[in-house]
Amino acid sequence: MLDINKETRAEGRVISSVEFHKKQSVALVGGNSGVLTLFQIGGSLNAKIQSITFKEFPIHKARFSANGEEVIASSSVTGNIQVHNLVNGRNTIIPHNKQMEKGSYKDFVLSPDGKLIAYQGQYGYIHLMSARSKEWITSLKMNGEVHALTFNIDGTRLYSHGENGEVYVWDMNARVCVHKFVDDGCIKGTSIAISPTQQYLACGSSSGVVNLYNTSQLENNSLPKPDKVILNLVTKISGITFHPSSEIVSIFSSEKENAVRLAHFPSMTVFKNFPIRNKGTARINTMDFSPNGGYMAAGLNNGSAYLYRLNHYDQY
């Protein structure tokens with residue numbers, strides 16, 4: 001389809017964030033210019049709704065809140081986060097919290113239940129913040145640097161992956177580690193994602209390997225074997241995103257042009273007709289699927305936010 005941001009191209013050369021709204025046919029596109037734009041997703045025409053400018057704040061990551069009423073944005077060059085309220089239009093700067101070391105506001109994930117924001121800290125720390133008040137709650141700690149986080153669908157579990165190739169499973173009610181296991185063959189973990197059905201956990205590594213585990217085999221096993229190993233990429237896995245149906249998973253690396261693949265479940269096969277070769281070459285920084293899986297988006301380092309229509313799924 002037409003690029004989501006074809007009308008604006010104001011978000012910067014590096015598109016760091018693309019996300020679909022969970023309740024409306026709207027997507028956000030943010031980049032290193034500090035501009036975040038909301039678009040009405042129509043496929044043939046993606047009309048601009050509004051642009052939000054964060055001054056001196058190149059966007060590293062931007063996400064809709066769980067209720068869809070806020071946009072939370074982080075930057076790799078500042079010691080704070082910014083929150084834009086989509087209802088009243090107000091912008092709030094959340095200053096650096098003394099309980100969290102500076103630099104901890106770059107990478108984060110939001111719990112689907114709308115209660116928590118988990119930030120990747122340094123030295124193995126994971127900082128938990130209230131999604132409502134934006135106040136620090138507590139910090140967890142794993143061995144080695146934290147490189148990736150993901151919540152399960154109801155927010156009761158947090159999975160962390162990192163420097164030593166180990167995956168930690170955290171109970172979010174007790175705020176303790178209840179299990180950890182070695183990601184098979186992994187020297188350094190770089191990404192992690194759980195399927196919406198919670199049946200599969202995907203772990204990406206610095207070598208470009210993605211291991212897919214059946215979650216029913218994980219919590220009592222410190223050396224589990226993956227159900228499937230995806231070996232199609234050869235550079236660091238930057239991100240993993242599951243389709244809402246759990247029938248597709250996207251994997252990508254931002255370190256090489258066109259380093260992206262889609263894998264199908266339950267056949268565990270990689271689609272041969274993607275990426276589309278005549279689309280040109282660029283590096284992918286972020287990907288997302290719309291709530292019912294009818295659309296897929298990718299943010300690239302050429303200023304574009306690509307939009308694809310998945311015809312098998314008839315709804316946004």
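# Exercises on an all-strand model

Strands 14 (residues 157–162) and 15 run antiparallel and are joined by 5 bridges. That pairing is our way into this predicted model, and the exercises below work outwards from there.

## Exercise 1: strand 15 and its two partners

Work out which strands flank strand 15, what the turns look like, and how many of the residues of strand 15 are buried.

*Solution.*
- Step 1. Begin on the strand 14 side, where Tyr159 sits opposite Val169 of strand 15. The two strands make a hairpin with 3 residues between them, and Gly165 has a positive phi near 75°.
- Step 2. Now turn to strand 16 (residues 176–182), which is antiparallel to strand 15 and joined to it by 6 bridges. Here Val167 has Phe181 as its bridge partner. This hairpin has 4 residues between the strands, and Arg175 in the turn shows a positive phi of about 60°.
- Step 3. Look at the side chains. Glu166, Tyr168 and Trp170 point one way, Val167, Val169 and Asp171 point the other way, and all of them are buried.
- Step 4. Draw the conclusion: 6 of the 6 residues of strand 15 (residues 166–171) are buried, so the strand is largely enclosed by the rest of the structure.
- Step 5. Add the annotation. An unreviewed UniProt entry lists residues 139–180 as "repeat: WD". In the model this stretch is 0% helix and 62% strand, with its end C-alpha atoms 17 Å apart.

## Exercise 2: another hairpin

Describe how strand 25 and strand 26 are paired, and how well strand 25 is covered.

*Solution.*
- Step 1. Strand 25 pairs with strand 26 (residues 295–300) over 5 bridges, in the antiparallel sense. Met287 faces Ala298 of strand 26 across this pairing.
- Step 2. The hairpin has 5 residues between its strands, and Gly293 in the turn has a positive phi of about 85°.
- Step 3. For coverage, 5 of the 6 residues of strand 25 (residues 284–289) are buried, which leaves the strand mostly covered.

## Exercise 3: rings and charges

Classify the pairs Phe54 with Phe57 and Tyr200 with Phe265, then look for charges placed over rings.

*Solution.*
- Step 1. Count first: the model has 11 aromatic pairs. For Phe54 and Phe57 the centres are 5.8 Å apart and the planes meet at 45°, a tilted pair. Both of these Phe residues are buried.
- Step 2. Tyr200 and Phe265 have ring centres 4.9 Å apart and planes at 35°, so this pair is tilted too. The pair links distant parts of the chain, 65 residues apart: Tyr200 belongs to strand 18 (residues 200–205), while Phe265 is in the loop between strand 23 (260–264) and strand 24 (269–270). Tyr200 and Phe265 are both buried.
- Step 3. Phe20, Tyr295 and Tyr316 make up one aromatic cluster.
- Step 4. For the charges, Lys61 lies over the face of Phe108 at 5.5 Å from the ring centre. Lys141 lies over the face of Tyr125, also at 5.5 Å from the ring centre.

## Exercise 4: two residues outside the strands

Decide whether Ser246 and Glu7 are buried or exposed, and list what each one touches.

*Solution.*
- Step 1. Ser246 is in the loop between strand 21 (239–242) and strand 22 (248–252). Its relative accessible area is 8%; buried means under 20%, so Ser246 is buried.
- Step 2. Beyond its neighbours within four places in sequence, Ser246 contacts Ser195, Pro196, Thr197 and Phe265.
- Step 3. Glu7 is placed in the segment before strand 1 (15–20). Its relative accessibility is 52%; the cut-off for exposed is over 50%, so Glu7 counts as exposed.
- Step 4. Not counting residues up to four places away, Glu7 touches Asn46, Ala47 and Lys48. Glu7 and Met296 are 289 residues apart in sequence, yet their C-alpha atoms are 19 Å apart.

## Exercise 5: the whole protein

Compare the radius of gyration with the value for a compact globule, and summarise the overall make-up.

*Solution.*
- Step 1. The protein has 0 helices and 27 strands.
- Step 2. A compact globule of 316 residues would have a radius of gyration near 20 Å; the protein has 18 Å, so the two agree.
- Step 3. Along the principal axes, the C-alpha atoms fill a box of roughly 50 × 50 × 30 Å.
- Step 4. Of the 316 residues, 54% count as buried. Among contacts between residues at least 6 apart in sequence, 44% join residues at least 24 apart.

Methods. Residues numbered from 1 in each chain as written. Predicted model: local features only at pLDDT ≥ 70, side-chain atom pairs only at ≥ 80, totals over all residues. Heavy atoms only, no water. UniProt positions renumbered as here; feature names shortened; annotations may be inferred. Phe/Tyr/Trp six-rings, centres within 6.5 Å; stacked < 30°, edge-to-face > 60°. Buried < 20%, exposed > 50% of the residue type's maximum accessible area, 1.4 Å probe, protein only. Lys NZ or Arg CZ within 6 Å of the ring centre and 35° of its normal. Pairing = 2+ DSSP bridges. Rg over C-alpha atoms; globule rule 2.2 N^0.38 Å. Contact = heavy atoms within 4.5 Å.
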